[in-house]
Amino acid sequence: MLEHLDRLPPDPILGVMTAFRADTDPRKVDLGVGVFRDDAGETPIMRAVREAEQELIARQKTKTYVAAVGNAGFNEAMAQLVLGQGHAALASGRLRTIQAPGGCGALRLGAELIRAAAPDAVVHVSTPTWANHVPLLSNCGLKLERYPYFNSATGGVAFDAMLGALDRLPPRSVVLLHASCHNPTGADLDDAQWRELLALVRRRSLLPFIDIAYQGLGRGVAEDAYGPRLFCAELPEVLVAVSCSKNFGLYRERTGALHVLSATPAAADAAISQLMRIARGLYSMPPDHGAAIVHGILTGERLRSSWEGELDAMRLRIQQLRAAALKALAAACRAKDFGYIARQRGMFSYLGVDLQAVRELRERHQVSMMDDSRINLAGLRMDNIECFAQAVAKVAG
Ligand SMILES: Cc1ncc(COP(=O)(O)O)c(C=O)c1O
């Protein structure tokens, strides 16, 4: 039976990761995979995570099942982290949270919930968006469409085109939004644009589905959650998919959550009952380890402030790398304006070179990136930025 299966090409992101690992050249620079790296090129375990993990191991007496919604303390802490203490939605009785296997798991749960509520719903994603949004949101049968988002001439958001397209959508259309550190462009909405978007979403009765995977790595913990906080304060229904992979460095522990804000407490109870049923049919229960660690960090005063300090340092490193990359690229490639690199947020930007140049960078200069020239700036080191800029100048200068 299985003989007839077609062999599929590797996933574009995971394919770049495998090829890079196989390359033994010590000068290699990995700007492909979206993981944070320190100046030694490592993705270290955060100190707060290590400590919370040790405390957990010392304290834990059983490995029995937790619950269908996962760790209740983690869910509550995640709602407070995303929405901020004292947010009106927390006391409204309309918010429910289910722990999920990473941000991917949360996105898939959200898509399944939408399908259960409205099988014909169309999800609108930005052009471009993170490649994995497409299978995560559409494999359950939902239709996907695109709205304009990125202005490649300015490196910012094509906000008028975005609003124009969303203003033509029928009511109950779902709009997927990146809270901050847009993947792959690094172009984010500013606070005033979030407020304008809110008015449109309300006027046209759209359902926002917000993906927050980089909270704390753009402008700051509160600032990066401006959109979800505003929308959850002002709208009857919002979905928020959260990932702890990047801001807690918990990638392989598959830690995330889906928050669902419903119009009434009764509707919220129905939504969470549906989500528990959906999760049961997909993977039954989420993995506990990462969630228990995050719970320990967010509810322990000392660990929390240690984590916040580490996160601040990670954000600062990304901002410094952006500034240094801009300086080096501006000096090496005078024909192109890279100013957008310093204006964008988070780990990603497009280098803005064609596929031929991307291949040459990979093959002749050991600099790997995605085919569309998305680079992860956190993959640079202060001591190889100059070299990187010279390589870019050689292929595209
Ligand atoms: C935009 C975006 N959303 C969600 C995720 C989910 O990540 P994970 O499932 O590893 O938590 C990622 C990871 O790269 C991402 O870039």
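**Overall fold and three buried positions**

Just over half of the protein is tucked away: of its 397 residues, 53% count as buried. The model is a predicted one, and its secondary structure adds up to 15 helices and 13 strands. The overall dimensions fit a globule nicely. A compact globule of 397 residues would have a radius of gyration near 21 Å, and the protein comes out at 21 Å, so the two agree. Measured out along the principal axes, the C-alpha trace spans about 60 × 55 × 55 Å.

The contacts tell us about the chain's path. Among contacts with a separation of 6 or more, 75% link residues that sit 24 or more positions apart. On the outside, the protein exposes about 18100 Å², with carbon and sulfur atoms supplying 53% of that area. As for charge, there are 45 positive and 42 negative side chains, and the centres of these two sets lie 1 Å apart.

Three individual residues are worth a walk-through. Cysteine 181 is found in the loop that runs between β7 (174-178) and α8 (191-203). With a relative accessible area of 1%, cysteine 181 falls under the 20% cut-off and therefore counts as buried. Glycine 218 is 37 residues away from cysteine 181 in sequence, yet their C-alpha atoms are 5.7 Å apart in space. Setting aside neighbours within four places in sequence, cysteine 181 is in contact with Asp188, Tyr214, Leu217, Gly218, Arg345 and Gly346.

On the other side of β7 in sequence comes serine 173, placed in the loop between α7 (159-166) and β7. Serine 173 is buried too, its relative accessible area being 4%. A polar atom of the serine 173 side chain lies 2.7 Å from the backbone oxygen of proline 170. Beyond its neighbours within four places in sequence, serine 173 is in contact with Val122, His124, Ser205, Leu206 and Leu207.

Isoleucine 272, by contrast, belongs to a helix, α10 (residues 265-282). Its relative accessibility is 11%, which is under 20%, so isoleucine 272 counts as buried. Leucine 95 is 177 residues from isoleucine 272 along the chain, and the C-alpha atoms of the pair are separated by 9.4 Å. Not counting residues up to four places away in sequence, isoleucine 272 touches Val69, Arg96, Thr97 and Ile98.

How values were computed: Residues are numbered from 1 along each chain as its sequence is written. This is a predicted model: local features need pLDDT of at least 70, side-chain atom pairs count only at pLDDT 80 or more; totals for chains, interfaces and linings use all residues. Side-chain values use heavy atoms; hydrogens and water are left out. Helices (H or I, at least four residues) and strands (E, at least two) are DSSP runs, numbered from the N terminus. The radius of gyration is taken over C-alpha atoms; the globule rule is 2.2 Å times the number of residues to the power 0.38. Buried means under 20% relative accessible area, exposed over 50%, partly exposed in between (1.4 Å probe, protein chains only). Contact means heavy atoms within 4.5 Å. Accessible areas come from the Shrake-Rupley method with a 1.4 Å probe; for residues, only the protein chains shown count as cover. Lys and Arg count as positive and Asp and Glu as negative; His and the chain ends are not counted. The place of a charge is taken as NZ of Lys, CZ of Arg, CG of Asp or CD of Glu. A polar contact is a pair of N or O atoms within 3.5 Å; within protein, one must be able to donate a hydrogen and the other to accept it, and residues adjacent in sequence count only if both atoms are side-chain atoms.
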